[in-house]
Amino acid sequence: MTPLSRRAFAAAGVAVLMAGCAGREAEQQDSTRRPRRASGAAGGTHRSAEDTPPPPPPAPSASANTARSLGRSVPVRLQIPAIGVDTPVIGLGLAPDGTVRVPPVTADDRAGWYRHSPTPGQAGPSVILGHVTVGPYGDGVFRHLARMRRGDRIVARRQDGASAEFAVSAVRTVAKAYFPADDVYGDTSHPELRLITCGGPRTGDEYRDNVIVFARLAASTPPAP
């Protein structure tokens with residue numbers, strides 16, 4: 001993780017990165033909570049069948065050169081073939097209260113990359129958020145995120161022309177009150193990706209849980225000449 005991202009995470013007080021799940025009326029931001037690390041059968045924590053220790057990174061695909069880490073360059077597009085996602089990516093910063101902003105609620109819903117996290121392909125966890133629903137516009141870009149399974153591929157295309165291909169290692173559904181901040185933000189020596197949205201039962205405009213996809217770099221292509 002770069003020094004910039006370390007400082008930003010500290011400034012946010014390791015704030016919970018919970019994707020907004022806007023209801024029928026307007027865009028909403030989830031309330032800030034001091035996160036607690038989820039573990040085993042912690043009360044209120046819900047784990048999917050995919051929530052197991054990540055396996056070693058898969059071998060690179062034939063279409064990519066290597067699984068080498070990349071320098072910093074912002075993501076511009078995210079593709080997830082398994083759930084039909086092909087979306088532009090916008091940058092997200094921090095709100096005045098220290099929480100991470102969520103993508104705006106619009107008909108052309110897009111994913112948002114937290115710009116103080118590593119960029120896809122850099123060492124460390126790159127964090128991308130998306131809505132599960134977008135109020136009057138219906139389904140959000142991450143509507144089917146919970147359907148992902150281990151081994152599914154995620155491709156992040158970057159501004160420098162490089163691409164980073166990740167393989168899903170785990171899919172977790174956790175209660176928002178027990179958001180696993182250390183698992184999501186914790187520094188890693190290799191490039192990883194975190195995709196986050198809302199999930200679980202819905203009461204009014206609010207969802208009880210977060211769905212988190214964990215993925216590791218499987219292949220990369222170099223920047224354009």
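**Notebook: cores and strand pairing**

I looked first for the largest nonpolar core and found that it has 26 residues. Leu78, Ile80, Phe142, Met148, Ile154 and Leu195 have the most contacts inside this core. I then listed the elements that give two or more residues to it: strand 1 (75-80), strand 2 (85-92), strand 3 (111-114), strand 5 (153-158), strand 6 (163-175), strand 7 (191-203) and strand 8 (206-221). I also noted a second, separate core of 15 residues, which includes Ile90, Leu92, Tyr114 and Ala181. I recall that nonpolar side chains tend to be buried together in soluble globular proteins.

I record here that the model is predicted.

I next examined Ile80. Leaving aside neighbours within four places in sequence, I found Ile80 in contact with Val85, Phe142, Met148, Arg153, Ile154 and Leu195.

I turned to the chain as a whole. I counted two helices and eight strands, in the sequence order α-β-β-β-β-β-β-α-β-β. Of its 225 residues, 54% count as buried. Among contacts between residues at least 6 apart in sequence, 69% join residues at least 24 apart. I noted an accessible surface of about 9,600 Å², with 52% of it belonging to carbon and sulfur atoms.

Which way do strand 1 and strand 2 run? I found them antiparallel, joined by four bridges. Gln79 has Asp86 in strand 2 as its bridge partner. Four residues lie between the strands of this hairpin, where Gly84 takes a positive phi near 70°.

I then followed strand 2 to strand 3, and found the two paired in the parallel sense over four bridges. Here Val89 stands opposite Ala111 of strand 3.

Note on methods
Residues numbered from 1 in each chain as written. Predicted model: local features only at pLDDT ≥ 70, side-chain atom pairs only at ≥ 80, totals over all residues. Heavy atoms only, no water. Buried < 20%, exposed > 50% of the residue type's maximum accessible area, 1.4 Å probe, protein only. Contact = heavy atoms within 4.5 Å. Areas by Shrake-Rupley, 256 points an atom, 1.4 Å probe, with all protein chains shown as cover. Core = buried A, V, L, I, M, F, W, Y, C linked by side-chain atoms within 4.5 Å. Pairing = 2+ DSSP bridges.
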